[in-house]
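The exercises below ask you to read two kinds of interface, and then two individual residues, from a model. Please work through each task before turning to its solution.

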2 protein chains.
Amino acid sequence: MKQSRLFSKTRKEAPKDEVSKNAQLLIRAGFVHKEMAGVYTFLPLGLRVLEKIKQIIREELNKVGGQEMKMTALQTKDVWEKTDRWREDLDDGIWFRTHLNNETELGLAFTHEEALTNIMANFVSSYKDLPIYAYQFQTKFRNELRAKSGLLRGREFLMKDLYDFSLDEKQHKEFYERMKDVYKKIFNRLGIGDRTFLTISNGGTFSKYSFEFQTVCDAGEDILVLDEEKGVAINKDDFNDEVCKDFNIKKEDYNFVEKKSAEVGDIYNLGEKYAKAIGLTYKDKDGKDKPVFMGSYGMGVPRIMAVITELFSDENGIIWPEAVAPYKVHLISINKNEEAEKIYRELEQSGIEVLFDDREDVAPGEKFADADLIGCPYRLVVSAKTLKEDSVEIKRRDSDKTKLIEIGKLIKNLNN
Amino acid sequence: MKQSRLFSKTRKEAPKDEVSKNAQLLIRAGFVHKEMAGVYTFLPLGLRVLEKIKQIIREELNKVGGQEMKMTALQTKDVWEKTDRWREDLDDGIWFRTHLNNETELGLAFTHEEALTNIMANFVSSYKDLPIYAYQFQTKFRNELRAKSGLLRGREFLMKDLYDFSLDEKQHKEFYERMKDVYKKIFNRLGIGDRTFLTISNGGTFSKYSFEFQTVCDAGEDILVLDEEKGVAINKDDFNDEVCKDFNIKKEDYNFVEKKSAEVGDIYNLGEKYAKAIGLTYKDKDGKDKPVFMGSYGMGVPRIMAVITELFSDENGIIWPEAVAPYKVHLISINKNEEAEKIYRELEQSGIEVLFDDREDVAPGEKFADADLIGCPYRLVVSAKTLKEDSVEIKRRDSDKTKLIEIGKLIKNLNN
């Protein structure tokens, strides 16, 4: 991509009403545009990051048999009334409500347990149909009272939600345990694995405990009680003697400290609640009707982008992990030069993703500042000076060291 | 994909309230689920088709410099009031309205001219910044009074909308003409090019005429006045002496007939209306402020899927064009057989997309009926009989002829 054509531009200041670091950086670097608090447009650079995060998640979910689909935001009330989640006052008024022109009341889905359970009732009849693992990347609408954390808490945001439909608690639990590993693998690939902890928390309505994945992060809205070395984490709200007893945690054996953290995923045992309320049953081997046992597995995609931005940035800008960077390489041409253009074409042809700063009326210092702000992992500079040595200057975004690489060896070097 | 694991199942009957052929077929074949009139969930097979259509569109738009982004559904009223499109009564009440918990009124975007013009005001300042071509695949919400045409008219549906931001009418027009060819290319790749016509229609507010792409289709909601041979089409609503004069059409030179048709794309000259109302200007070479000249280019993705379904189907089911088929091959195993499983793995490894009907408790006749209903381009049957000849039976969905192909030659044959 030629930067002279990229319509988004970097800016020195974020909007004054934007107080979160992640949104400030992502706005300044031209990744997102703020429509209102908690509602962000993804500009071309931002969409590329979002799609890379999605693709990593998708690949890992497909490996364990996930089937991708896409549900709707508009919902009628009937099925939600069966679980008593149509209420106006639910979670401080989380529903966005609207209506058809004939006055039929509708809501914008903040989650999809009810909708999917209802769909599955068309397809599940026998024990042979189970288990099913269905997921989607879909826009959720949540009428949050406060949305001051940038992309960490959205009113309209893309969520990955997977649901398991199992024969019984045993089959559900096997998958649930498997998903813990899948989530770990995803967070590792996203570059935040070493700071992300499986965290014991309140189970809500369906079971005594549930698990969240929490990433240690100053901007987070949660607090962990954490022994990093032993990898044990409990949500501070739920840290008490009972938890310790239930999980056989002797406080004196641990070096617990409190750390701010952001929830990047949650995995729930939903039990038979939805299946019973909505009528999702199957016939077992003996021909007896049984309710389906369910679980849900969420991940907010922009929130993950926000956490990465919060963690991997310095005073000059973002430092994207390579797996989710909008482009691997930011190629900078000093003054107009044909050789830079040629290198750009060669890199593209060899499949390397390049943002090429070909702008002619921009000073080198400004180009360097932009490259730091946008945060691609490798910065390449082509100037008369480097060309004298048949070379390109290379610098990693996370390092201050520059070195020259012969042009002929560049692609091989970048592919290592 | 193993059909024994695919959670959607075919069904004999569509829901009684579903009167359109496209939705009936897509529901019966397990591609979509109806949430309410004009609102459909995409099940795994349906999402695959949708993504293939998107990818074809994306490739062609990127070739002409389109930059992909993603805007938001939630909109505040300020910018829409500037163009007088916030009105309750706009297009018979097309807005879905909602509000924040603090009572701030919001709407769900039915289009994005205002929102994007507003965003561009952050990035456009000089003539050097133009032209810009930005597009998205994004869910539109339209509070349609009637939604009885299945996926042809959605209340919530995925739209590709591209907008051009040009220096002046001349620069806009060059791109506008280019987009006519881009659209033709897209419809050709989608398999509906020979039935799709650039159609003269009413220009709306901004110019005397605009152009639509209309596909001849009995389920369509429009009527064309069409000379198919000469490739001249006018929307019947706008066919009058004035049009004929303006486009130099002598009626006696044409064999006009009337045909029902569905609009699959529209391309609009928006002029300076949005830029002027919202304040999107640039400095020209002389430092003078000028409004940006715009155009918009829409395409409803599920509508295209619906049109394809309407056109390419018979009494037994859908007949997908290869470019958008959920899978290229539907491989059917008669009884359990190891050889079919081996062929399945080999096809997948060679990159051929296969739906493998490995179900053990389903009769061959039912499997054949399912294959016809789902409509993959090639049906392969592996049975004891074909294996005796070291072969697989192959049949195209659009033909009755079957023939045997040696297993060793299968992949080469399918890749031709």
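**Exercise 1. Describe how chain A is divided into domains and what lies between them.**

Solution. Begin with the division itself: in this predicted model, the domain assignment of chain A gives domain 1, spanning 21-314, and domain 2, spanning 327-415. The C-alpha centres of these two domains of chain A are 39 Å apart. Next, list the participants, which are eight residues of domain 1 of chain A in contact with five residues of domain 2 of chain A.

The following step concerns area. Between domain 1 and domain 2 of chain A about 650 Å² is buried, with carbon and sulfur atoms giving 54% of that figure. On the side of domain 1 of chain A, the residues that lose the most area to domain 2 are A:Ala29, A:Leu45 and A:Arg48, which together make up 51% of what that side buries.

**Exercise 2. Characterise the polar links between the two domains of chain A, and the elements that supply the domain 1 side.**

Solution. Count the charged pairs first: three salt bridges are found between domain 1 and domain 2 of chain A. A salt bridge also joins A:Lys52 to A:Glu353, where the closest N and O atoms are 2.4 Å apart. Under the polar contact rule, three residue pairs across this domain interface of chain A qualify, both residues being at pLDDT 80 or more.

Then turn to secondary structure. Helix 1 (21-28) and helix 2 (44-63) of chain A each supply at least two residues of the domain 1 side that touches domain 2, and helix 2 of chain A gives the most, with three residues. Sorted by class, that side of domain 1 of chain A has four nonpolar residues, four charged residues and no polar ones.

**Exercise 3. Carry out a corresponding analysis for chain A and chain B.**

Solution. The contact takes 53 residues from chain A and 53 residues from chain B. About 4900 Å² is buried between chain A and chain B, and carbon and sulfur atoms give 57% of this area.

For the polar part, four salt bridges are found across the interface of chain A and chain B. B:Asp361 and A:Lys128 form a salt bridge, with their closest N and O atoms 3.3 Å apart. The count of residue pairs in polar contact between the two chains is 28, again with both residues at pLDDT 80 or more. The side of chain A that touches chain B divides into 27 nonpolar, 13 polar and 13 charged residues.

**Exercise 4. Is A:Tyr327 buried or exposed, and what does A:Tyr327 touch?**

Solution. Locate the residue: A:Tyr327 is in the loop between strand 18 (317-318) and strand 19 (329-333) of chain A. A:Tyr327 counts as buried because its relative accessible area is 6%, which falls under the 20% cut-off. Beyond neighbours within four places in sequence, its contacts include A:Met1, A:Leu45, A:Arg48 and A:Glu353. Of A:Leu45 one may add that its C-alpha atom is 8.5 Å from that of A:Tyr327, although 282 residues separate the two along the chain.

**Exercise 5. Determine the surroundings of B:Gln75.**

Solution. B:Gln75 is placed in strand 4 (residues 74-76) of chain B, and since its relative accessibility is 2%, B:Gln75 counts as buried. The side chain of B:Gln75 reaches the backbone oxygen of B:Thr72 at 3.0 Å. Leaving out residues up to four places away in sequence, B:Gln75 touches A:Glu35 and A:Met36 of chain A, and residues of chain B including B:Trp80, B:Trp86 and B:His112.

Note on methods. Residues numbered from 1 in each chain as written. Chains lettered and ligands numbered in written order. Predicted model: local features only at pLDDT ≥ 70, side-chain atom pairs only at ≥ 80, totals over all residues. Heavy atoms only, no water. Domains from an automatic or database assignment. Buried area = accessible area lost by both parts, 1.4 Å probe. Salt bridge = Lys/Arg side-chain N within 4 Å of Asp/Glu carboxyl O. Polar contact = N/O pair within 3.5 Å; in protein donor to acceptor, adjacent residues only side chain to side chain. Helix = DSSP H or I, 4+ residues; strand = E, 2+ residues; numbered from the N terminus. Nonpolar A, V, L, I, M, F, W, Y, C, P; charged D, E, K, R; others polar. Contact = heavy atoms within 4.5 Å. Buried < 20%, exposed > 50% of the residue type's maximum accessible area, 1.4 Å probe, protein only.
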